[in-house]
Amino acid sequence: MLRSVAALLLFTVACSNAQELQSKSKVCANVFCGAGRECAVSEKGEPSCLCIESCKPHKRSVCGSNRKTYRNHCELHRDACLTGLKIQVAHDGHCREKKTDQAAASPVVCYAADRNELRSRVIQWLQTEVIPDGWFVKGSNFSDILLKYFKSYDNGDSQFDSAELLKFIQHNDSAVELQSYADQESNKLLRSLCVDALIELSDENADWKLSFDEFLNCLKPGFNPPEKKCALEDETYEDGAETQVECNRCVCACGNWVCTAMTCTDKNTAGDESPDAEAEMTEEEWNLRVAELNKHQVYDQPASTKQ
């Protein structure tokens, strides 16, 4: 008797599972979920794409664009789904160690935080020179002080280029010292890059020079700099994000992709499959490659504040 009951229960469960599979097959018949995902049926009987629960155990190792080795393609795509990262197949087999002379070092860049810190320090220094009006003597306000420095460092064309703006900032070197890198040369380069970023901030006619009005707007205490994001393949990236272009590393800084410019000699570098991959790129070709990255920029303008 007990055996009959057990057999009946097993038969019922088997029929139930078969019905569920048949139902899932019908609901998911026309649903495409993409690599690393599979169609599942919700309690309401609606299809939805979820990350694959488990992959088949077969072994065919692949190297991901994140330099991680996976047992097979399924495991790579499943990991991409679970982590929300874009992981592509770099090449079949285990990931190879990067050559030390071809390591993708990060470029020296002025991030938005560096630019904003430099701007804040310049404003603080200028505000210490503001003199309120006295009983018998007229003081000097923020605009007056900026105009004094503008006339002092301008070469006569009534515009500040990057060299003139850098000289103005170096007028009070100790007040605007930035130390983001270990070596002094990188920090000098950082300040120059941040000067360019300051010019870009309020350069309305995009001539890489600041008129006095643009200069005043750039350093006005109540001006809230807009946040510019980098774009790549229809996605936007925050300041500090990184991506890889062949053997070179690119970082998002102040809304622009900035890349190292190393010559790639490894045929197996991620994304490098053409027979001419080892041909050295000219500086013009590399600049065009980086310009392509920066073709679409996204602005996120915060509400302005006034003081």
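## Starting at helix α2

D79 sits in helix α2, which covers residues 73-83. This is a predicted model, and everything below is read from it in that spirit. D79 has a relative accessible area of 17%, so it counts as buried, the cut-off being under 20%.

Who keeps D79 company? Once neighbours within four places in sequence are set aside, D79 is in contact with N66, K68, Y70 and I87.

## Helix α6 from end to end

Let us move along to α6, which runs over residues 184-202. This helix has 19 residues, and its span from first C-alpha to last is 28 Å. That is close to the 27 Å expected at 1.5 Å a residue.

A good list of α6 residues is buried, including N187, L190, C194, V195, L198, I199 and L201. S186, R191 and S202 are also buried, so the list includes polar and charged residues beside nonpolar ones. The cover over the buried residues of α6 includes α3, α5 and α7.

## The largest nonpolar core

The largest nonpolar core holds 33 residues, and those touching the most other members are V122, L126, L165, F168, I169, F215 and L219. Two or more residues come from each of α3 (112-127), α4 (142-153), α5 (162-169), α6 and α7 (212-219). Of these, α6 gives the largest share, with 7 residues. In soluble globular proteins, nonpolar side chains tend to be buried together.

L219 is a handy place to look around this core. Leaving out residues up to four places away in sequence, L219 touches R119, V122, I123, L126, F142, L146 and F168. Apart from this core lies another, of 8 residues, with L232, V245, C252 and W257 among them.

## One cavity

How many cavities of 30 Å³ or more are there? The count comes to 1, and the largest cavity has a volume of about 40 Å³. Its lining is made up of V122, L165, F168, I169, L198, F215, C218 and L219.

By type, the lining of the largest cavity divides into 8 nonpolar residues, with no polar and no charged ones. Both α5 and α7 supply at least two residues of this lining. Several names return here from the core: V122, L165, F168, I169, F215 and L219 are among the residues touching the most other core members, and they also line the cavity.

## The second largest pocket

Now for an open site. The second largest pocket has a volume of about 300 Å³. It is lined by 13 residues, and L193, D196, A253, N256 and V258 are the closest to its centre. Two elements give two or more residues to the lining, namely α6 and β10 (256-259).

Which element gives the largest share of this lining? Helix α6 does, with 5 residues. The lining of the second largest pocket divides into 10 nonpolar, 1 polar and 2 charged residues.

## Two loop residues with positive phi

Two spots in the backbone deserve a look. S158, in the loop between α4 and α5, has a phi near 60°, a positive value in a residue other than glycine. With a relative accessibility of 45%, S158 counts as partly exposed.

A206 belongs to the loop between α6 and α7. Its phi is near 55°, again positive in a residue other than glycine. Is A206 buried or exposed? A206 is exposed, because its relative accessible area is 59% and the cut-off for exposed is over 50%.

Note on methods:
Residues numbered from 1 in each chain as written. Predicted model: local features only at pLDDT ≥ 70, side-chain atom pairs only at ≥ 80, totals over all residues. Heavy atoms only, no water. 1 Å grid on protein atoms, 1.4 Å probe; cavity = no way out; pocket = protein on both sides within 12 Å on 5 of 7 lines; lining within 4 Å. Points joined across faces, edges and corners; volume = space filled by probe spheres on them. Helix = DSSP H or I, 4+ residues; strand = E, 2+ residues; numbered from the N terminus. Buried < 20%, exposed > 50% of the residue type's maximum accessible area, 1.4 Å probe, protein only. Contact = heavy atoms within 4.5 Å. Core = buried A, V, L, I, M, F, W, Y, C linked by side-chain atoms within 4.5 Å. Expected span 1.5 Å × (residues − 1).
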